[in-house]
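Here is a briefing on one predicted model. It covers a pocket and a helix.

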Amino acid sequence: MKTKRQAKILELIEKNDIETQEELSAFLLMEGYEVTQATVSRDIRELKLTKIAMDNGRQKYAILSESGEQLSEKYVRVFRDGFLSMDKAQNILVIRTVSGMASAVCAALDAMRIPGIVGSIAGDDTIMCAIRSVEDTLAVMKKLKKIVES
């Protein structure tokens, strides 16, 4: 059931501009899948879906499955599109994002595998990154600033 549901999710996001988990749940219900928000959230995480900006300024779920340089550039673009600001508290880096984009920006940040970042967690518009040391925090901030400004 899970495999079929996840395949249906991939099909739905390819054919439709789905912006929220609620919208995705509604599409799944129309297809005969009764799901909870927790199930949809888990499926999104397992499928490694992210939100990308559309030309109209809205966002939609998308599959990031390319490899190599294309994938890396997509992650950089997602990071740039969602990034607003960053600040540090010792070895904790706090990144502010466009509302609703923290999860996608966090996934992009994780995929970029920046040395020094031990782990990260996202809310709606805020990401907290645990960094190995204060010195590493400064280095990570410098690298992220370069990504945003390039």
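The points below take the largest pocket and then helix 2. This is a predicted model, in which local features need pLDDT of at least 70 and side-chain atom pairs count only at pLDDT 80 or more, while totals for chains, interfaces and linings use all residues. Residues are numbered from 1 along each chain as its sequence is written, and side-chain values use heavy atoms, without hydrogens and water.

**Largest pocket**

- The largest pocket holds about 690 Å³ of space; a pocket is an open set of points on a 1 Å grid over the protein atoms alone, where a 1.4 Å probe fits, with protein on both sides within 12 Å along at least five of seven lines.
- Its lining has 25 residues, and I44, L49, S103, A104 and A107 are the closest to the centre; lining residues have an atom within 4 Å of a point.
- Two or more lining residues come from each of helix 3 (37-46), strand 1 (49-53), helix 5 (102-112) and strand 5 (117-122).
- Helix 5 gives the largest share of the lining, seven residues.
- By type, the lining has 13 nonpolar, seven polar and five charged residues.

**Helix 2**

- Q21, L24, S25 and L28 are buried (under 20% relative accessible area, 1.4 Å probe, protein chains only) in helix 2, residues 21-30.
- These residues lie on the same side of helix 2 because they cover an arc of only 100° around the axis.
- The face turned away from the buried side of helix 2 carries E22, L29 and M30, which are exposed (over 50%).
- Helix 1 (2-15), helix 3 and strand 2 (59-63) are among what covers the buried residues of helix 2.
- G32, just after helix 2, takes a positive phi of about 95°.

How values were computed:
Grid points are joined across faces, edges and corners, and a volume is the space filled by probe spheres set on the points. Helices (H or I, at least four residues) and strands (E, at least two) are DSSP runs, numbered from the N terminus. Ala, Val, Leu, Ile, Met, Phe, Trp, Tyr, Cys and Pro count as nonpolar, Asp, Glu, Lys and Arg as charged, and the others, Gly among them, as polar. The arc is that of the directions from the helix axis to the C-beta atoms. Contact means heavy atoms within 4.5 Å.
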